[in-house]
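Open the model in your viewer and keep a selection box ready. The tour moves from one selection to the next.

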Amino acid sequence: MAKNGAACGFPYVDILNGQQLNAVRSGVYDILKNTGVTVQNEKMRQVLAEFGCRVDHARERVYFDQEVVDRALALAPKGFTVTARDQANNVLLQPGKTTQFINACGTAIWREDKQESAVPSRKEFYEYMRLLDALPNLDFHNCFPFFGFDKVPECMKLIESVAAKYRVSTKAQIEGTVFDNYRFTTEMAKAMGVDLCQIVNSAAPLTYFTETADQIFNYTQADLPFHFAAGPTRGLTSPMSAAGSVISNNAECLAGLIMAQAVKPGARVWMNSMIMTPNMATGKPAFGDIGNTYTDMAFNQYWRSCGIPCWSNAASWSSSKNIDYQAGYEQTMALMGQVLSGSTVISYQGGMYAELYASPLKAVIDDDVVGMVKRLMRGIDTSEEGLSLELIQETGPIPGSFMDSDETLLGWREECYIPTVSSRTGYEEWKNGGKKDVIQNAGERTEKLLKEQKVQTLPADQEQALEDILNDARQYYYKTGKITEEEWKAYQEDIHSPNYPFA
């Protein structure tokens, strides 16, 4: 059993015509064949040589002929299921058919009451996990969504994040990696008996470091799904042109796919776009720029045509610093571009400025936006019932009315989306009700969701397994010097607090 995702009831938008798509595809083949990709890992280079790639060990360069690329694409699954704690929340990735929605992430939490960002506390972190689990239109739980919480050393943040999500969330999970902590999060997934979608970050342009290739060996051996993402910035680590940036990015992604299939044919892999347009005045990415939208639309079309699941991040972030109109239009324009171009997965709910922070309140508001988008994707019913010809004929001209018809009474919920935080009352009712805006309404809904949500605690053996892995990681990083004495002291106080692990 799995969530199939939101199907689109009308054709997807192709931003590239057939000739343009073929030109991009030919460009990817050309780069892989003639420029190649740096692969620092000697073991991986040997695997690729056995798979049929041309390898220059002296330069650590691997070249991929078209036959090798096509063979790897044929081996890769054309969609697959990601398992969750609750089997009803398993996610089915169906490229070119449906879309799943996940939350965006940030390094810190946005506190709306103080209009500032901050490192979240353990309690805030766990509560946000619970809130995301309760949102009805969030299908899939993204990386982090904060890069750890207070009093946790850097090397342990993502490991603690995975433990938190398994403890309080029943949805399918994605996680990132720093250092070599993927070894511990992989063990957590095994202990839970479910999937954890991992990430392999190549380095733009066209480079896979030794540790990155080791991740591929680890994930394939554990039979976990994983995705490839480099995050190039146009004009800096990829060409400024949209087509050139997509070619460079997709060549990097395809090189990873080939490595995965060479190590283990049939490995569950998918592709992630984090292509960013730059703000040339500062050299930083221009979050919210329309260039991020149309490059991801081309990215989506490319992978949709290959039958490989893909994930777009263009709608994740804005250049706005607040929950305001700018954030709304920048992210919603990007969201619609990714929906219409057929991205298999879209990150959206809760994202704010430049991936630097995320907001629980905004996640609740954004979940309503996704609810509206899902209704839009269903399209228009043109069946006999949907055309309503018999009803129109029966009702006739004025004074006929459709208000009291069974079709109106039974079908209006199907034809609308009823928002949970927007105000659709009349002006007088709104004024007499305290003039609440969408943020105030979202705050009330957040409290309601957290109050009503029942956390499904882990069985004792799984909780103990998580804690054992956490302790192994803590000791490993402490003994190897990645956790300082000062960090260790604060960390020990935190994990021995009365309300551990939830606060």
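**Stop 1: the cores.** This is a predicted model. Start with the largest nonpolar core, which has 54 residues. Select M156, I159, Y166, M188 and Y477: these touch the most other members. Now keep M156 alone and show what surrounds this residue. Beyond four places in sequence, M156 touches L470, A473, R474, Y477, I483 and Y491. Apart from the largest core lies another, of 52 residues. Select F64, L73, A213 and C306, which are among its members.

**Stop 2: the seven-stranded sheet.** Next, colour the strands of the open sheet with the order β1-β7-β17-β16-β13-β12-β10. Its seven strands show mixed pairing. Which strands stand at the edges? They are β1 (6–7) and β10 (198–200). Each has a single partner strand, so one side of each is left without a neighbour in the sheet.

**Stop 3: strand β17.** Select residues 345–349, which form β17. Is this strand enclosed or open to the outside? Five of its five residues are buried, so β17 is largely enclosed by the rest of the structure. The cut-off for buried is under 20% relative accessible area.

Add β7, residues 98–103. The strands β7 and β17 run parallel, joined by four bridges. To see the register, label two pairs:

- Q100 has V345 of β17 as its bridge partner.
- N103 has Q349 of β17 as its bridge partner.

Now add β16 (310–312). Two bridges join β16 to β17, and these strands also run parallel. Label S312, whose bridge partner in β17 is I346.

Then show helix α10, residues 325–340. This helix lies across β7, β16 and β17. Its direction makes about 160° with that of β17.

**Stop 4: the four-stranded sheet.** Move to the open sheet with the order β3-β4-β2-β11. Pairing among its four strands is mixed. The edge strands are β3 (54–56) and β11, and each pairs on one side only. Select β2, residues 37–39, together with β11. They pair in the parallel sense over two bridges. Label V39, which stands opposite Y208 in β11. Now bring in helix α2, residues 42–51. This helix packs on the sheet and touches β2, β3 and β4 (61–63). The direction of α2 makes about 125° with that of β2.

**Stop 5: F209.** Stay here and select F209. Where does F209 sit in the chain? Its place is in the loop between β11 (207–208) and α7 (210–222). Is F209 buried, partly exposed or exposed? Relative accessibility is 41%, so F209 counts as partly exposed. Partly exposed covers the range between the 20% and 50% cut-offs. Show its contacts: leaving aside neighbours within four places in sequence, F209 is in contact with Q40 and A203. Then set a distance label from F209 to N41. Their C-alpha atoms are separated by 6.7 Å, though these residues lie 168 apart along the chain.

**Stop 6: helix α11.** Finish with residues 360–378, helix α11. How does its span agree with the expected value? At 1.5 Å a residue, its 19 residues should span 27 Å, and the end C-alpha atoms are 27 Å apart, so the two agree. Colour α11 by accessibility: 15 of its 19 residues are buried. Go to the start of the helix and select S359. A side-chain oxygen of S359 reaches to within 3.3 Å of the backbone nitrogen of L361. At the other end, select G379, which follows α11. Its phi is positive, near 75°.

Methods: Residues are numbered from 1 along each chain as its sequence is written. This is a predicted model: local features need pLDDT of at least 70, side-chain atom pairs count only at pLDDT 80 or more; totals for chains, interfaces and linings use all residues. Side-chain values use heavy atoms; hydrogens and water are left out. A nonpolar core is a set of buried Ala, Val, Leu, Ile, Met, Phe, Trp, Tyr and Cys residues joined through side-chain atoms within 4.5 Å. Buried means under 20% relative accessible area, exposed over 50%, partly exposed in between (1.4 Å probe, protein chains only). Contact means heavy atoms within 4.5 Å. The expected span of a helix is 1.5 Å times one less than its number of residues. A polar contact is a pair of N or O atoms within 3.5 Å; within protein, one must be able to donate a hydrogen and the other to accept it, and residues adjacent in sequence count only if both atoms are side-chain atoms. Two strands pair if DSSP finds at least two bridges between them. Axes are lines fitted to C-alpha atoms, for helices over the stretch in contact, and angles run from 0 to 180 degrees between N-to-C directions.
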